[in-house]
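Q: Please take a close look at one part of this structure, the surroundings of a buried histidine, and then set that part beside other places in the chain.

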Amino acid sequence: YAPDSDDPNKSARNAVDVTPPDSNARTRVHEYGGGAVTMGQNSVFYSDFVSQRVFQLDVSSSNTNNAKARAVSPPVENARFRFADGVYDEVNERLLLVREDHTLADPKDVVNQVVSLRTNTDEDEDEDEDESWNKEESEDRMTVLATGRDFYAAPRLSPDGTQLAYMAWNHPNMPWDATELRIRSITNDDTDDAAADADAADTSTHTLVAGADQDTSILQPVWHPDTGDLYYISDQSGYYNIYRHKKNGSGGDSCCVLEMDHDFGGSAPGWALGQQGFCFLNDGRLCAHYKKDGHSRLVVANVVQDPDGPATQVQEYGMDDGLPMQFGGIVAGDHKHDLFFIGGSPSTPTTIYRWNLEQRGPAVPLASSSTLSFPPEMISVPQQIEFPTTLGTAYGYYYPPCNGNFQCTDSEETPPLLVKAHGGPTACTGTSFNAGIQYWTSRGFAVLDVDYGGSTGYGREYRRRLRGSWGIVDIDDVCAGANYLVEQNLADPNRLCIDGGSAGGYTTLGALAFRTVFSAGCSLYGIGDLTALAGDTHKFESRYLDGLVGPYPQDEAVYKERSPIESVDTLSCPILLLQGAEDKVVPPNQAIQMHAALLQKQIPTCLKIYESEQHGFRQAKNIEDALDSELAFYGRVFGIAIPNAIPLHIDNMPDEQS
């Protein structure tokens with residue numbers, strides 16, 4: 001937490017870590033996690049990454065750094081129960097949360113449900129010792145409240161404690177494709193909920209609020225604390241707008257309260273659990289945010305004055321009012337005008353801020369993810385660009401080279417360009433401080449961070465451009481972006497390279513295999529074989545490709561046609577492959593197979609596999625090595641002299657003479 005005053009335990013980032021030294025607050029539900037922490041009145045509950053058990057910390061005392069963690073979920077073998085995205089029912093001392101059951105390891109057999117987890121225990125019982133748990137009593141601690149769908153998210157308890165709202169969806173949909181919002185009645189006694197009706201937890205018996213057409217994405221439900229109405233985000237208007245379902249209203253009885261041609265809900269809604277793109281002030285007003293031209297905008301609106309109609313007294317705030325360039329995760333403070341949120345800018349690492357709606361003024365930083373700071377002449381400030389592509393217009397952020405300590409030589413008319421393809425692919429990029437981008441711009445590279453067709457934040461039609469067209473639209477757009485910058489004399493056509501992680505790695509490999517725009521590239525834990533991915537990934541994404549490519553194996557021919565590993569004959573430029581050894585999303589065999597194919601064709605290539613890394617590198621030494629390796633790789637390929645470049649052996653390329 002960020003202390004209000006000086007605290008001897010705070011770090012250089014102005015944060016105090018209250019979890020035990022050997023713990024890691026991170027859940028593996030959906031593998032991407034999110035919602036690992038739940039706040040109570042005087043307690044914090046969190047999922048521990050190694051055991052995936054839920055622990056409780058008493059934070060009622062000012063001496064929270066010595067708080068002892070107490071397990072409230074039972075010990076299970078192989079961390080087969082995973083928990084996330086909960087709310088705490090203070091009155092009944094129970095957590096209402098998503099549980100993912102890995103009793104059967106095959107992804108198709110993993111079971112997701114909404115459950116309650118009792119947290120009250122015998123004070124004398126030392127429940128963090130596994131042997132003290134009685135198996136029968138442990139099972140009684142958990143009661144299934146919603147079941148029967150492939151996925152669940154966002155269980156939210158009504159203010160009066162009588163209703164539980166939640167999201168659910170089935171394969172092959174992803175949460176940004178089609179979801180349901182349902183409500184069920186709930187009692188104060190878990191045993192009553194379980195015993196009242198054998199089918200009481202069956203989702204199909206719960207009131208369907210929205211999503212009946214099976215073609216609408218509904219996300220982030222939250223109850224209004226005063227009126228008891230249920231608010232949520234839906235894309236039925238063509239954008240993620242905010243809707244209201246009246247308390248005790250019938251299914252489908254909803255009203256759009258904040259309709260705009262902008263997406264609310266955050267940068268990539270649906271990927272992580274626990275996301276919330278709007279909240280309510282203590283006076284009942286609605287606070288939400290959206291992004292426009294690369295800048296976040298805060299919207300504050302009265303949703304109480306007209307209880308049956310759209311919001312009134314709508315006001316917007318931005319950088320001129322003291323807000324950071326980008327922000328999200330808004331939470332209302334105890335003071336009626338205080339807001340807390342996470343934000344940043346191209347020069348500011350991700351920071352927790354406090355901002356007062358009445359006083360305005362610069363947002364007050366409370367804690368930061370990093371102590372890094374750089375002078376302005378070292379920071380490349382991005383410019384959002386629009387460029388023509390096959391389906392109309394695509395978007396991206398152009399970062400020019402920037403380093404106040406150096407100047408370009410007269411012979412350098414235009415810089416080398418690194419095009420970045422974000423992961424997802426149903427996600428987007430942003431403009432907050434990104435050391436991985438500033439690394440390149442401070443070394444003389446220009447960077448284009450592309451929001452290709454299929455990205456979020458530009459409305460439903462743009463987001464759905466990838467339906468059935470992954471490996472076509474995204475590749476067209478990254479190539480079109482690079483060509484556009486060449487035409488604008490902002491990039492050297494002979495030194496164009498591309499990189500991306502995960503889905504962005506697939507776009508990278510596809511652009512190198514199926515187009516001739518780029519001269520080199522780097523795939524970070526990327527996908528080379530779509531057919532292998534279709535049969536070898538985790539549950540959450542196991543049917544994702546149905547919508548992006550087509551149902552498998554019916555469309556196996558399309559999968560092979562769009563798999564870079566099947567088109568090695570068209571590859572002719574050097575490729576660097578970086579991979580985590582413990583990746584469950586894109587297993588290492590993808591990189592290994594691609595490397596073997598490149599070796600066989602005598603294409604310059606290098607494969608690095610990082611031990612103890614999963615999907616996305618987290619260890620500082622590996623993140624640093626990955627960047628340095630990529631720079632050294634391009635230096636060799638483009639003949640750029642890189643000062644203090646790390647040694648890098650590139651297969652099918654002679655080693656440099658020392």
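A: What follows starts with one histidine and then moves to a second histidine, a loop residue, the nonpolar cores and the cysteines.

The model is predicted. His30 sits in the segment that precedes strand β1, which covers residues 37-39. His30 counts as buried because its relative accessibility is 3%, and the cut-off for buried is under 20%. Apart from neighbours within four places in sequence, His30 is in contact with Glu100, Asn112, Phe151, Tyr152, Trp169, Leu273, His538 and Phe540.

A second histidine, His595, belongs to helix α10, residues 589-600. His595 has a relative accessible area of 12%, so it is buried. With neighbours within four places in sequence left aside, the contacts of His595 are Leu577, Thr605, Cys606, Leu607 and Asp651. For Asp651 there is also a polar contact, made between its side chain and that of His595 at 2.9 Å.

Thr390 is a loop residue, placed between strands β25 (383-389) and β26 (392-399). Thr390 counts as exposed because its relative accessibility is 56%, and the cut-off for exposed is over 50%. The side chain of Thr390 makes a polar contact of 3.2 Å with the side chain of Asp476. Thr390 and Phe514 are 124 residues apart along the chain, and their C-alpha atoms are separated by 16 Å.

Next come the nonpolar cores. The largest one has 127 residues, and those with the most contacts inside it are Ile242, Trp470, Val478, Phe518 and Tyr634. One of these, Trp470, touches Pro425, Ala503, Tyr506, Thr507, Ile527, Leu530, Leu545, Leu548, Val549 and Arg562, when residues up to four places away in sequence are not counted. A second core is separate and has 15 residues, among them Leu281, Cys287, Phe327 and Tyr353.

The cysteines remain. A search of the whole structure finds zero disulfides. For Cys255, the nearest cysteine sulfur is that of Cys256, 6.8 Å away, and Cys255 is in no disulfide. A disulfide requires two cysteine sulfur atoms within 2.5 Å. Cys497 is likewise in no disulfide, and its nearest cysteine sulfur, that of Cys522, is 9.5 Å away. Cys497 has a relative accessible area of 0%, so it is buried.

Methods: Residues are numbered from 1 along each chain as its sequence is written. This is a predicted model: local features need pLDDT of at least 70, side-chain atom pairs count only at pLDDT 80 or more; totals for chains, interfaces and linings use all residues. Side-chain values use heavy atoms; hydrogens and water are left out. Helices (H or I, at least four residues) and strands (E, at least two) are DSSP runs, numbered from the N terminus. Buried means under 20% relative accessible area, exposed over 50%, partly exposed in between (1.4 Å probe, protein chains only). Contact means heavy atoms within 4.5 Å. A polar contact is a pair of N or O atoms within 3.5 Å; within protein, one must be able to donate a hydrogen and the other to accept it, and residues adjacent in sequence count only if both atoms are side-chain atoms. A nonpolar core is a set of buried Ala, Val, Leu, Ile, Met, Phe, Trp, Tyr and Cys residues joined through side-chain atoms within 4.5 Å.
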